[in-house]
Amino acid sequence: MNDSTIIIGCDHAAFPLKEVVKGYLNEIGYQVDDVGAFSLDSVDYPKIAIELATKVSGGTYQRGILMCGTGLGMSMVANRFPHVRAALCNDLFSAAMSRLHNDANILVLGGRVIGDVLAKEIVRTWMETPFEGGRHQGRLDLFDDLKIR
């Protein structure tokens, strides 16, 4: 996939916010591939996080966005995958720093924590902020080399 395509997913609690974010991404020039949820009907959030994180981990997509009620569950699932750096960002500073220093490749939002306007600003900040590299790259390499005993 190219840089102008992003994968997005949510659970039922964040479905309304996902629709707003998806529309905003289209508005600013991104193609959005949506892996659900597709309604307010209850779903198991780990299934959606697994599908999205698998595709980011494997390189099919460079970046993704996950949402659930708090963002906590989605970030916990996504961060179990190699080469995934999922960052729960409910403020602009965290969004910028997650890209600058951590090269986050999955943005996670809390659908019951933030509103539509703030979500759009967080997404814009996260999408526009480049990875700084340098000394931060060596730290990220430690993630990839991590072997749990």
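**Entry 1: aromatic rings**

I looked first for aromatic pairs and found zero in the structure. The model I am reading is a predicted one. I then turned to charges above rings. The charged end of arginine 63 sits over the ring of tryptophan 126, and I noted 4.9 Å from the ring centre.

**Entry 2: the sheet**

I next traced how the strands are arranged. As background, I recalled that strands of a sheet pair through backbone hydrogen bonds, either parallel or antiparallel. Here I found an open sheet of five strands with parallel pairing, in the order 2-1-3-5-4. Strand 2 (31-34) and strand 4 (86-88) are the edge strands, for each of them pairs on one side only. Neighbouring strands of this sheet are turned against each other by 25° on average, with direction ignored.

I then looked up which helix lies on this sheet. Helix 2 (residues 45-57) packs on the sheet and touches strand 1, strand 3 and strand 5. The direction of helix 2 makes about 160° with that of strand 1.

**Entry 3: strand pairs, one by one**

I went through several of the pairings in turn. Strand 1 (residues 5-10) pairs with strand 3 in the parallel sense, over four bridges. In this part of the sheet, cysteine 10 stands opposite methionine 67 of strand 3.

Strand 3 is also joined to strand 5 (residues 106-110), by five bridges, and the two run parallel. Here I looked up the partner of cysteine 68, which is glycine 110 in strand 5.

Strand 4 and strand 5 run parallel as well, joined by three bridges. For alanine 87, the bridge partner in strand 5 is leucine 107.

**Entry 4: how covered is strand 3?**

Which residues of strand 3 are buried on each side? On one side I listed Gly64, Leu66 and Cys68, and on the other Ile65 and Met67; all are buried, and both faces are thus covered. For strand 3 (residues 64-68) this amounts to five buried residues out of five.

**Entry 5: helix 5**

I checked the length of helix 5 (residues 116-128) against expectation. At 1.5 Å a residue, its 13 residues should span 18 Å, and the C-alpha atoms at its ends are 18 Å apart, so the two values agree.

I then listed the buried residues of helix 5: Ala119, Ile122, Val123, Thr125, Trp126 and Met127. A general point helps in reading such a list: an α-helix has 3.6 residues a turn, so residues three or four places apart point the same way. What do the buried residues of helix 5 pack against? I found strand 1, helix 1 (15-27), strand 3, helix 4 (92-100) and strand 5. Trp126, one of these buried residues, is also the residue whose ring lies under the charged end of arginine 63.

**Entry 6: backbone details in the loops**

I looked for a cis peptide bond and found one joining glycine 36 and alanine 37, with omega at about -5°. Alanine 37 belongs to the loop between strand 2 and helix 2.

I also noted two residues with a positive phi. Histidine 83 has a phi of about 65° although it is not a glycine. Its place is in the loop between helix 3 (72-78) and strand 4. With a relative accessible area of 42%, histidine 83 is partly exposed.

Aspartate 103, again not a glycine, has a positive phi of about 50°. This residue lies in the loop between helix 4 and strand 5. Its relative accessible area is 21%, and aspartate 103 is therefore partly exposed, since buried means under 20%.

**Entry 7: two serines**

Is serine 57 buried or exposed? Serine 57, found in helix 2, counts as buried because its relative accessibility is 18%. Leaving aside neighbours within four places in sequence, serine 57 is in contact with Phe81, Pro82, His83 and Val84. His83 in this list is the residue whose positive phi I recorded above.

Serine 39 is located in the loop between strand 2 and helix 2. At 24% relative accessibility, serine 39 counts as partly exposed. Not counting residues up to four places away in sequence, serine 39 touches His12 and Phe15. I last compared the positions of serine 39 and glutamate 19, which are 20 residues apart along the chain; their C-alpha atoms are separated by 9.9 Å.

Notes. Residues are numbered from 1 along each chain as its sequence is written. This is a predicted model: local features need pLDDT of at least 70, side-chain atom pairs count only at pLDDT 80 or more; totals for chains, interfaces and linings use all residues. Side-chain values use heavy atoms; hydrogens and water are left out. Rings of Phe, Tyr and Trp (its six-membered ring) pair if their centres lie within 6.5 Å; planes under 30 degrees apart count as stacked, over 60 as edge-to-face and the rest as tilted. A charge sits over a ring if NZ of Lys or CZ of Arg is within 6 Å of the ring centre and within 35 degrees of the ring normal. Buried means under 20% relative accessible area, exposed over 50%, partly exposed in between (1.4 Å probe, protein chains only). Two strands pair if DSSP finds at least two bridges between them. Axes are lines fitted to C-alpha atoms, for helices over the stretch in contact, and angles run from 0 to 180 degrees between N-to-C directions. Contact means heavy atoms within 4.5 Å. The expected span of a helix is 1.5 Å times one less than its number of residues.
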